[in-house]
Amino acid sequence: MTSTTEDAPSGPTAPGAGAPGRTGLRALLRGSAGIAVAMGVMNVATYAFQMISARLLGPADYGALAPLMALLMVVAVLQLGLQATGARRISADPDHVAQIEGVVLAVTYRAALGLGALMLVLSPVVMVVLRLDSVLPAALLALSAVPLTVMGGQAGILQGERRWLPLGMVYLGMGVPRVLVGTLCLLVSPTETAAMLGVMIAMFVPAVIGYVALRRPREAGSHSEAHTRRPVAREAVTASLALLAFFVLSNADIVVARNVLDDHDAGLYAAGLILTKAVLFLPQFVVVVAFPSMSTVEERRLALLRSLGLVAALGVVATLGAWLLSGLAMVFVGGQEYADVQSRLWLFAVVGTLLAMLQLLVYSVLARRGTRSAYLVWLAVLVLVAAAAATASLSALVLVVIAVDATLFTALLVLSLHRLRDPA
């Protein structure tokens, strides 16, 4: 199908997509301003749901919901891998768009059903590991994984075809229904089960939007052996594993907190992580703008350094704000019921800053199609879990996370600069 706009966005949602035809922020915004707004609304809605949940549930129950939401983010890496695969293949080979769409959707549906079934089988394990009162929240999470994964393949096709309006609607469908339906469920029954029921119902909205956007008939077009199910599935798995490492690292601490801290402190830690995620999402636009340049041989080193500087600056501002205006920050992490964490909020802002810079480094690796750096991230996950398991207090746990993330950031930065020292 003919593209509906002249510029293609590249960003954290589809790192494999082609870079825009014209470089520069102005050209990028002309092609993706609507997507940026939709992603912003999605992130705000997701944050709002966390904040509302923390207030309605209280520390103990929210301490059970937070690791479920963190696990859902980890499960979402398959969705991101499918999206990246679809967007990259359609952008790179538009002559076979009909074939690619059909194969990507076929792989997506199989992957969604397989992942949902696997998560359902593992629901009792999730219940034990996260110390849930029943298996039902874990089962609802498993059901949520099905439409979430389907949405990934649909979004990849829409982004590869540069259909920004329906793609933006998919992103809006990811965020707004969650806060509306999830809050309604919590008002009816303030439990983690009700919250996960709301999340599960809301997850079907973006999948339905994607289905409607892609239901029009297609001309068959030519056939290519490069776009059959096996290579598409292999690429999706490779991309998913690369992203999985970062998501596991950024969410492993809440699972550890649930097991090494008592219910009250685990709830306080979960509330602090609301600020961490806000600081992590704050500079997401930097990745969107910088990714095309990081994909260009001549520009990628300078683009990486400038972007890291901007992310670090935003992180410093957020950290100082959490320190000097901790009372105001408490409004956004659950209120006075979580007052015991107020003096340590700036530490959670530091964690968010480090994760934001690590995310940028990971996408820089994807931009140059590197894969070995992911092994360092997995090593950091193992170190984090082992070191955090030996802690016995909230402060000790957050300091361990900072130390591990800072060490990993230094290692990845040195490795990236070494790899990029020669533009060729």
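**A walk from a buried ring to the surface**

Let's start at Phe348, which is buried, with a relative accessible area of 0%. Keep in mind as we go that this is a predicted model.

What does the structure hold in the way of aromatic pairs? There are two of them. In one, the ring centres of Phe246 and Phe247 sit 5.8 Å apart and the planes make an angle of 75°, so this pair is edge-to-face. The other one brings us back to our starting residue: the rings of Tyr269 and Phe348 have centres 5.2 Å apart and planes at 70°, which is over the 60 degrees needed, so this pair counts as edge-to-face too. Here the pair links distant parts of the chain, with Tyr269 in helix α9 (residues 263-281) and Phe348 in helix α13 (residues 345-367), 79 residues apart. As for cover, Tyr269 is buried, with a relative accessible area of 0%, and Phe246 and Phe247 are both buried as well.

Next, have a look at Ser144, which you'll find in helix α5 (residues 136-160). Is Ser144 buried or exposed? Its relative accessible area is 0%, under the 20% cut-off, so Ser144 counts as buried. What does the side chain of Ser144 reach? It goes to the backbone oxygen of Leu140, at 2.8 Å. Leaving aside residues up to four places away in sequence, Ser144 touches Leu72, Met196, Val199, Met200 and Met203.

Now for some charge. Side chains of opposite charge can pair when their charged atoms come close. How many salt bridges are there by the rule used here? The count comes to one. That salt bridge joins the side chains of Arg163 and Glu161, at 3.8 Å from N to O. The 3.8 Å falls within the 4 Å limit, so the pair makes the cut. Arg163 is buried, and Glu161 is too.

Two other arginines deserve a stop. Arg55 belongs to helix α1 (residues 25-75), and with a relative accessible area of 43% it is partly exposed. Turn the model until you can see Arg55 and Ala271 together: they are 216 residues apart along the chain, and their C-alpha atoms are separated by 9.7 Å. Arg131, meanwhile, is in the loop between α4 (123-129) and α5. Most residues other than glycine have a negative phi. Arg131 isn't a glycine, yet it has a positive phi of about 55°. Arg131 has a relative accessibility of 36%, so it counts as partly exposed.

We'll finish on the surface. Which residues make the nonpolar surface patch of about 750 Å²? They are Val316, Leu320, Trp323, Leu324, Leu325, Leu328 and Trp346. Helix α11 (residues 300-324) gives the most to this patch, with four residues. Leu325 comes from the loop between α11 and α12 (326-332). With a relative accessible area of 49%, Leu325 is partly exposed. Why can a partly exposed residue such as Leu325 belong to a patch? Patch residues need over 30% relative accessible area, and Leu325 has 49%, so it passes that cut-off.

Note on methods:
Residues numbered from 1 in each chain as written. Predicted model: local features only at pLDDT ≥ 70, side-chain atom pairs only at ≥ 80, totals over all residues. Heavy atoms only, no water. Buried < 20%, exposed > 50% of the residue type's maximum accessible area, 1.4 Å probe, protein only. Patch = residues over 30% accessible without salt bridge, like charges linked within 9 Å, V, L, I, M, F, W, Y side chains within 5 Å. Areas by Shrake-Rupley, 256 points an atom, 1.4 Å probe, with all protein chains shown as cover. Polar contact = N/O pair within 3.5 Å; in protein donor to acceptor, adjacent residues only side chain to side chain. Contact = heavy atoms within 4.5 Å. Phe/Tyr/Trp six-rings, centres within 6.5 Å; stacked < 30°, edge-to-face > 60°.
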